[in-house]
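Colleague: I am new to this one. Please walk me through how to read its features.

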Amino acid sequence: MEGWDPNTKSTLTRIPLLTTKAGPRDGAAWTQRLKEEYKSLIAYTQMNKSNDNDWFRISASNPEGTRWTGKCWYVHNLLKYEFDLQFDIPITYPATAPELELPEIDGKTQKMYRGGKICLTVHFKPLWAKNCPRFGIAHALCLGLAPWLAAEIPILVDSGMIKHKDDAASSAES
């Protein structure tokens, strides 16, 4: 964690680490892992809310806990930009990090793969591999999605690639 800003380091140290090394094919061990994932996500969400930094909502969208959907948002120039968020838990999880998708902005930045999958290969994937199986979904959001949104959304807004919903509605009425 050398070279990290103190805020990120502080946040990361307060997200509970996971202990169960299990993926979707591991039966009861996967159920235990999901419990740990939920505890970690709840702790991260509560921490964000207490710091007035609430920026996502997600939940498993199937009973197996292998498909997750929700919303994430980023505030830029006092305007809230909200996006659908989705991802599947890979079969090789937790050895492989989930590929976080923002389908609404697919193709609007070079730091994204087809289908709206955000690019996390250079910075995040080695960190995930080093911390397997202790990292989970909350860590992927904290260290993957949050910095990606902070780096990409202002550029996309300033370049006109993304319009605020109020701007889009007023231009459609014209």
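Colleague: Across which strands does helix 2 lie?

Modeller: Helix 2 lies across strand 1 and strand 2, at about 165 degrees to strand 1. Helices (H or I, at least four residues) and strands (E, at least two) are DSSP runs, numbered from the N terminus. Axes are lines fitted to C-alpha atoms, for helices over the stretch in contact, and angles run from 0 to 180 degrees between N-to-C directions. Contact means heavy atoms within 4.5 Å. One caution: this is a predicted model, where local features need pLDDT of at least 70, side-chain atom pairs count only at pLDDT 80 or more, and totals for chains, interfaces and linings use all residues. Residues are numbered from 1 along each chain as its sequence is written, and side-chain values use heavy atoms, leaving out hydrogens and water.

Colleague: How is the sheet ordered?

Modeller: Strands of a sheet pair through backbone hydrogen bonds, either parallel or antiparallel. Here three strands form an open sheet, order 1-2-3, with antiparallel pairing. Two strands pair if DSSP finds at least two bridges between them. Strand 1 (56-60) and strand 3 (79-88) are the edges; each has a single partner strand, so one side of each lacks a neighbour in the sheet.

Colleague: How many bridges join strand 1 to strand 2?

Modeller: Five, and strand 2 covers residues 67-76. Arg57 stands opposite Lys71 in strand 2.

Colleague: Where does helix 4 lie?

Modeller: Helix 4 lies across strand 1, strand 2 and strand 3, at about 45 degrees to strand 2.

Colleague: Which residues of helix 2 meet helix 4?

Modeller: Glu37, Ser40, Leu41 and Tyr44. Their partners in helix 4 include His139 and Leu141.
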